[in-house]
Structure formats: C-alpha cells, structure tokens
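Colleague: I would like a close look at one part of this model, the strand pairing, followed through in detail. Please set that part against the rest of the complex where the two connect.

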Amino acid sequence: MKKRKNEFRENQNFNYTELTALCEHLEIREREGKKLRRIDKYELTYDITEPRDIRYSAVIFNKVLMHKDFVATCEQEGWEYVGSHNELYVFRTQNPDATEIMTDESDYFKIVAKSYLKHPRFLGVNGFLFYILVSRFFDLFTYNSTIAAKGFLMVDYLFLVVFLISIVFKITEYIEWYKKAKNAVRNNEKIPFANYKERTTKKISRVIVYCFFGIAILCFWIYTSWGYIPTDWVLYVNLILLGLITVTSLYDYVKIISRKKALVLTFISILIFVAGAYFLTVNLDTAYNENPNILKEENIPVSVSDLKSNACWCENEIDDYSGTKFAQYYEIRSYCSMHEESIYYDIFISDNEKIKRNYIEKIIEEETTDDVGLISYNPESSGWDEQYRLICDGEITNYGLAVKGNTVIYNNYLSDFDSDFFDVAYNKMFG
Amino acid sequence: MPRKSLQTLSEPMYYVLLALTKELYGTEIMNEVKRLSGGRIIIGPGTLYTMLDKFYSAGLIKRTNLSLATKKYIITDEGKRVLKEEYQRLTTLILDGKEVMEGL
C-alpha cells in the first residue's frame, strides 16, 4: 500500500502479553503528534496530527458474535474504537474517568497460552530449517569431498546448537509462565507477565524486513538445491544463514536471558549442546571417513583406462549424487580427454533389500517396451548376484544392469559397453 | 478437582445475572451491577462481554431486540434456576457461619 504524506508507519512487535507496554507506547506516540489509525499484524499506521494527551486501552476479546455489542458498549462508556487485529482490540479516550475496559483473565489466559506456543516471527522458518537440517544429517555420511563435509559438519552443528537453544528458551519460558498464570487464574489474580515496560517498537523499516526474508528464502533455495555440492560457496551461504538465524532466534530471547534463572539455564544448555555437538561431530567425522559406502576418487569403480588398459590420462567424476540414510545414488562419468571418450553409469547402494529391489524393478520397467527389454542374463562365472542385459531384436546386448550385495551398477546411457565392463567393475568394487 | 464451569458463580457473574432479571444492554448492565453492589463491583466491557458470551452459550441469558445495533439481554428460566441455586448456596454459607460468627 502506498504511504500517504502525513502518515507514519512502524513495526508492530507487541504480543498479547504486552498490552500495557503497547498502550504506553501509543500514548507516547500521541504526545509526539502521531494518532493511531490502523493496527495490523506486523504494522501500526499513524496519522500525523497535533500532539495530544490521550489514554489508550488494549484488550483481548475473542467473541466474534458479540463484536458489535462490545464495541458499541465501549463507545457508550466514552472509548473511541481505533481498530482490532484478531483478538487484540485498541481503544482510546480523552476522558480520564472512563471505565477501564479490562480483559477477562480466564479468557486471556487461554488465548495467551495458545498464542505463546506460536513463535512470534520465525516459527515457520525454524520448522523448515529444522526439516532441512535433519535431512542433511543423513546426507552428511555420503559427501564426496572430505574437506567440504567437515565444513558442513561444523556449520550444521553450530546451526543445530543455536536452534536447540532457542527451543529450550521458548519451552522454559512457556512452562515457567504457564504454571504462574494458571495459579493466578485459580486464585482470581492478575496473570503475571515479565516487565516489558522498557521495550519500545523497533525502528526497522519494512524494506529491511522484506529484504531479510528475500535473502533468507534465497539462502534456503541454495541450501536445498546445492546442499550436496561440495563448493566453498555453499559453505559461505551456510555461514550467512547461520548468522541470520542466530540473530533472529536470539532476538526473542534476549529479554529472557536478562533474567537470572534463565541465564543459568542458558549456560547449562549451551554447555550441554556444545559438548553434544563436539562429540557428534567427532563421531560423524569418523563415520564419514570409515563409511565404506562413500565413493572416493580412488575407489570409483570403472574408468576408460581400466577398460582400455592404456596409459592415457583419464578422470573419474561423480556427475550427480543424492543420498539418504537408507540409500546412495551416484551418476558417474569416466572420461579420457586424450581420446575424447566417456562412459556413464549409475551406482545405487542400499542395505535395505526392499529399496534396492524397488530400484531394480523401476529400471527394468522403464527400459521395457514392446520390442526391447531387460532380461535376466547371469552366467555363473560373472560373480554378480544378478545381471540383466538389454535384449534387442532377439539378441542380448552389452547394455544392462548388475547386482552384487547392496550395490547395483547400471549403465544409464545407450553406449554399448565393452563386454569386459561388468567384469572390470566387479573386480574394482568387490575383487 | 477442577470446578465445573458455571456450577458456582464468581461475584461479578452473580451480579450480572442479578442485573439481567431486567432487560438491559451493555452499559446498563455495567451501571446496574455498580448500583446493586453499592459501587463495590465495577466491570469493564471486556469482562462483561466475555461473561455474557459464557452465559449465552450456556443458555442462561438470551438476546432481545435483535434488529437493533445494540442488543439487549435478559435472563432465561435456566439462568433464573442457576441464580436461585447460587442465592441458596450463599444463604447456606451465611447461615452455617452465623452461630460461629456471633460467638466471636
């Protein structure tokens, strides 16, 4: 929406537990000549006017059916209805003797208890990041670059530490408040809240907020799309993301940290998580190096030179990789730059028999048409558990798929392999 | 054991139901509660409408003049029954304590 000339906007950072602070803030704004016109979820809009000494009232009320009656009665009591967002209603009056509107405490408790569980700004983002984080831990075992993997390990664990600390903060705050508030409601007392009187609305322009979200979304995209590509860029993106999340997560908890009890808890949490992260990092690092499923350059099974047995300069490359805890999938390219020859094949590794079988059946199904299909062809001397070859015009070709233990090797391009291909692959992988 | 909702009435609830033995709208209810309690109980619109909503949901009150912007409210037969029960409960409390209190 276009900003008017005599209009002032600012971020709305007050939550349901900060009604007094919100009123005080609005009264200060009135004295500065800013009259509240509209209240939205994230924004307060003011009209620039003459400074006035005016009284504000912010209440929580969630009876949709009685909305009109409620507002009308408040107006009859001398209150001017300014606006509402969800359950938050804002009124103002120039009459110092107007009856206080007051929020019903038992109702207030229910609403706040529900809203407390929602992270005010980044619940969704945190949830999404947590999902990525968890997924990426499975991937970590199979990175094809040790250096990059180590970098990722450190970043991911730092990330996890920050994330978990923020959750501990939130849960502690909630439990602490819930106990006190429930007792207060039972004893007909006011629900206790931390003293947020000193707090004022942040002066961050919307542009910065939107830019932040834009950058964050871009980072997520890179994070998810490039997550397994071992480049320095991804590492930097991770570090930037970590910084952003640290700042945004900690912002909400600074007020809790200032409390003595929470400070002790914070230190204990940090110690526990750092220690946990350290041991997990060491363990994962060891697991990475000892994981036999990770294809490293020296143990990529087949190259052109293996097949040609000549001295030309050949390189192995993993073109693509995707992995989970349950299976790893590689697209491998071996090429000879001198002869400009390449061979392509896929390796699929899974200890889970069902997953492996699904993969094999999917390939067979894809390759089977009316006159072409993969058929079982496995001479005993081959050493493979299973072997399938493409049958074309009634003849068995050298194109196909072979299985040994938890590994499936499959040439995914219609380059007719040397008949030695599967033997060479077998010997390099298992021999 | 948690108290069953509206089984016993809080002080403001009791006065609101007392006030609603006459057909009243919001501000009138607030004024009537203040008058009945001798200025001791003052309820704001926030508390009042939360209570009215509870009473309305429980069938203790009904809304009248629905066509007008400001609705009026009046106690129902069920509301009268709850109010009488509460009155009897409070009277019993007073009578039970009478002997002891007079001896003090």
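Modeller: In this predicted model, strand 1 of chain A (residues 7-11) runs antiparallel to strand 3 of chain A (residues 43-48), and 5 bridges join the two. One pair can be followed by residue: A:Phe8 has A:Tyr46, in strand 3 of chain A, as its bridge partner. Strand 3 of chain A is also joined to strand 2 of chain A (residues 34-39), again antiparallel and again by 5 bridges. In that pairing A:Lys34 is bridged to A:Ile48 of strand 3 of chain A. Strand 3 of chain A thus has antiparallel bridges to strand 1 of chain A and to strand 2 of chain A.

Strands 11, 12 and 13 of chain A can be read in a similar way. Strand 11 of chain A covers residues 386-392 and strand 12 of chain A covers residues 395-404; they are antiparallel, with 6 bridges between them. A:Cys392 is paired with A:Glu395 of strand 12 of chain A. These two strands make a hairpin with 2 residues between them, and in its turn A:Asp393 has a positive phi of about 50°. Strand 12 of chain A then pairs with strand 13 of chain A (residues 407-410), in the antiparallel sense and over 4 bridges. Here A:Ala402 is opposite A:Ile409, a residue of strand 13 of chain A. Strand 12 of chain A and strand 13 of chain A also form a hairpin, likewise with 2 residues between the strands, and A:Gly405 takes a positive phi near 60° in it. Strand 12 of chain A therefore takes part in two hairpins, one with strand 11 of chain A and one with strand 13 of chain A. As a general point, the strands of a sheet pair through backbone hydrogen bonds, in either a parallel or an antiparallel manner.

As for the chain these strands belong to, chain A has 12 helices and 13 strands. Of its 431 residues, 26% are buried. Among the contacts in chain A with a separation of 6 or more, 58% are between residues 24 or more positions apart.

Strand pairing is found in chain B as well. An open sheet of 3 strands there has the order 1-3-2, with antiparallel pairing. Strand 1 (24-25) and strand 2 (61-64) of chain B are at the edges; each has a single partner strand, so one side of each has no neighbour in the sheet. Strand 1 of chain B is joined by 2 bridges to strand 3 of chain B (residues 72-75), and the two run antiparallel. B:Leu24 has B:Tyr73 of strand 3 of chain B as its bridge partner.

The sheet of chain B can be followed into the helices by way of B:Leu83, a residue of helix 4 of chain B (residues 77-103). B:Leu83 counts as buried because 20 C-beta neighbours lie inside 10 Å. Its contacts, apart from neighbours within four places in sequence, are B:Leu17, B:Leu18 and B:Ile75. The C-alpha atom of B:Leu83 is separated by 7.1 Å from that of B:Tyr14, a residue 69 residues away along the chain.

Helix 1 of chain B and helix 3 of chain B have axes that come within 11 Å and cross at roughly 75°. The two helices are therefore roughly perpendicular to each other. B:Pro12, B:Met13 and B:Val16 make the contact from helix 1 of chain B, and B:Thr47, B:Leu48 and B:Met51 from helix 3 of chain B. By type, the residues of this contact are 5 nonpolar, 1 polar and no charged.

Between the chains, the contact takes 19 residues from chain A and 15 residues from chain B. On the side of chain B that touches chain A, helix 2 (26-36) and helix 3 (45-58) of chain B each supply at least two residues. Helix 3 of chain B gives the largest share of that side, 7 residues. That side of chain B divides into 6 nonpolar, 7 polar and 2 charged residues.

On confidence, chain B has a mean pLDDT of 84, with 88% of its residues at 70 or more. Of the elements of chain B, helix 1 of chain B (residues 11-19) has the highest mean pLDDT (91) and helix 3 of chain B the lowest (85). For the complex, the predictor gives an ipTM of 0.71 and a pTM of 0.49. Predicted coordinates should not be read in detail where pLDDT is low.

Terms used:
Residues are numbered from 1 along each chain as its sequence is written. Chains are lettered from A and ligands numbered from 1 in the order in which they are written. This is a predicted model: local features need pLDDT of at least 70, side-chain atom pairs count only at pLDDT 80 or more; totals for chains, interfaces and linings use all residues. Two residues are in contact if their C-beta atoms, placed from the backbone, lie within 7 Å. Ala, Val, Leu, Ile, Met, Phe, Trp, Tyr, Cys and Pro count as nonpolar, Asp, Glu, Lys and Arg as charged, and the others, Gly among them, as polar. A residue is buried if 20 or more other C-beta atoms lie within 10 Å of its own, exposed if 12 or fewer, and partly exposed in between; C-beta atoms are placed from the backbone. Two strands pair if DSSP finds at least two bridges between them. pLDDT is the predictor's confidence in each residue, from 0 to 100. Axes are lines fitted to C-alpha atoms, for helices over the stretch in contact, and angles run from 0 to 180 degrees between N-to-C directions. Angles under 35 degrees count as roughly parallel, over 145 as roughly antiparallel, 65 to 115 as roughly perpendicular and the rest as oblique.
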